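Thanks for coming. I have one structure to go through today. Please take a moment with the sequence and the model before I start.

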Amino acid sequence: MSETGWSLHPQLAADTVPVCDLALSRLLVMNDANFPWLILVPRRAGAKEVFDLDLADSIMLFKEVGFVSNALKRETQCDKLNLAAIGNVVAQLHIHVVARRRDDAVWPKPVWGALPRREYKANAMERFVGAIRRRVGR
């Protein structure tokens, strides 16, 4: 698989703010202030499942997931990180990395569909994106 012909799914583009491009993946922030929430999207046309990637890309994806997870954990000091590649609504391969706290509104339940999306307050999204960019060295 190659990056040729790849584009970000329109739903992901509508629901997120770009952070940066890593070696394989586009890093995004979910536009929902309920939870610090990052999404990695491998820039490989047609990829829907992790096994659709070749071995080198699969290894790179998991390295990036670890790298980004560490950055989010350090930035938020969360209690737990939730990782998921569900894809029932958006089939394009993407990995959710969600910072959770024991005192968040839905702990210990999953975040998907649990709360209405909440807008970030003025400048909060820009500050969060900037912090993540610094953490990942971009």
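I will go through the cores, then the aromatic pairs, the helix packing, and a few residues with backbone features.

One caution before the details: this is a predicted model.

I'll begin with the interior. As background, nonpolar side chains in soluble globular proteins tend to be buried together. Here, the largest nonpolar core is made up of 29 residues. Within that core, the residues with the most contacts are L27, V29, L38, L40 and L72. Which elements give two or more residues to this core? They are the strands β1 (16–21), β2 (25–30), β3 (37–42) and β5 (95–100), together with the helices α2 (55–76) and α3 (124–135).

Take L38 as an example. If we leave aside neighbours within four places in sequence, L38 contacts L27, L28 and V29. It also contacts V68 and L72, then I95, H96 and V97, and finally F128 and I132.

Apart from that core there is another one, with 13 residues. W6, L8, F35 and V41 are among its members. L8 sits in the segment before α1 (10–15). Again leaving out neighbours within four places, L8 is in contact with A13, L28, V41 and Q92. For a sense of scale, the C-alpha atoms of L8 and V111 are 23 Å apart, with their positions 103 residues apart in sequence.

Next, the aromatic rings. How many aromatic pairs are there? The count comes to 2. One is W37 with W112, an edge-to-face pair with 5.8 Å between centres and 80° between the planes. This pair links distant parts of the chain, since W37 is in strand β3 and W112 is in the loop between β5 and α3, 75 residues apart. Are these two residues buried or exposed? W37 counts as buried because its relative accessibility is 4%, under the 20% cut-off. W112 has a relative accessibility of 32%, so W112 counts as partly exposed.

Y120 and F128 form a stacked pair, 6.5 Å centre to centre and with 15° between the planes. Both Y120 and F128 are buried. F128 also came up a moment ago, as one of the contacts of L38.

That brings me to the helices. Two packed helices are described by the angle between their axes and the distance between the axes. For α2 and α3, the axes come within 9 Å and cross at roughly 125°. That angle makes α2 oblique to α3. The crossing of α2 past α3 is right-handed. Which residues meet there? From α2 they are F67, A71, L72, R74, E75 and T76, and from α3 they are F128, A131, I132 and R135. Of these, L72, F128 and I132 are also among the contacts of L38.

While we are on α3, look at G130, which is found in that helix. G130 has a relative accessible area of 15%, so G130 is buried. Its C-alpha lies 7.9 Å from that of V19, although the two are 111 residues apart in sequence.

Now the backbone. In general, most residues other than glycine have a negative phi, and most peptide bonds are trans. There are three places to look at here.

A cis peptide bond joins W107 and P108, with omega at about 0°. P108 is in the loop between β5 and α3.

Q77 is not a glycine, yet has a positive phi of about 55°. Q77 lies in the loop between α2 and β4 (80–84). Its relative accessibility is 55%, so Q77 counts as exposed.

N123 also has a positive phi, near 70°, and is a residue other than glycine. N123 is in the loop between β5 and α3. With a relative accessibility of 49%, N123 counts as partly exposed, because exposed means over 50%.

Last, A45. A45 lies in the loop between β3 and α2. A45 has a relative accessible area of 28% and is therefore partly exposed. How far apart are the C-alpha atoms of A45 and N123? They are separated by 33 Å, and the two residues are 78 residues apart along the chain.

That is what I have. I'm happy to go back to any of these on the model.

Conventions
Residues are numbered from 1 along each chain as its sequence is written. Side-chain values use heavy atoms; hydrogens and water are left out. A nonpolar core is a set of buried Ala, Val, Leu, Ile, Met, Phe, Trp, Tyr and Cys residues joined through side-chain atoms within 4.5 Å. Buried means under 20% relative accessible area, exposed over 50%, partly exposed in between (1.4 Å probe, protein chains only). Helices (H or I, at least four residues) and strands (E, at least two) are DSSP runs, numbered from the N terminus. Contact means heavy atoms within 4.5 Å. Rings of Phe, Tyr and Trp (its six-membered ring) pair if their centres lie within 6.5 Å; planes under 30 degrees apart count as stacked, over 60 as edge-to-face and the rest as tilted. Axes are lines fitted to C-alpha atoms, for helices over the stretch in contact, and angles run from 0 to 180 degrees between N-to-C directions. Angles under 35 degrees count as roughly parallel, over 145 as roughly antiparallel, 65 to 115 as roughly perpendicular and the rest as oblique. A crossing is left-handed if the near helix is turned anticlockwise from the far one by less than a right angle, and right-handed if clockwise.
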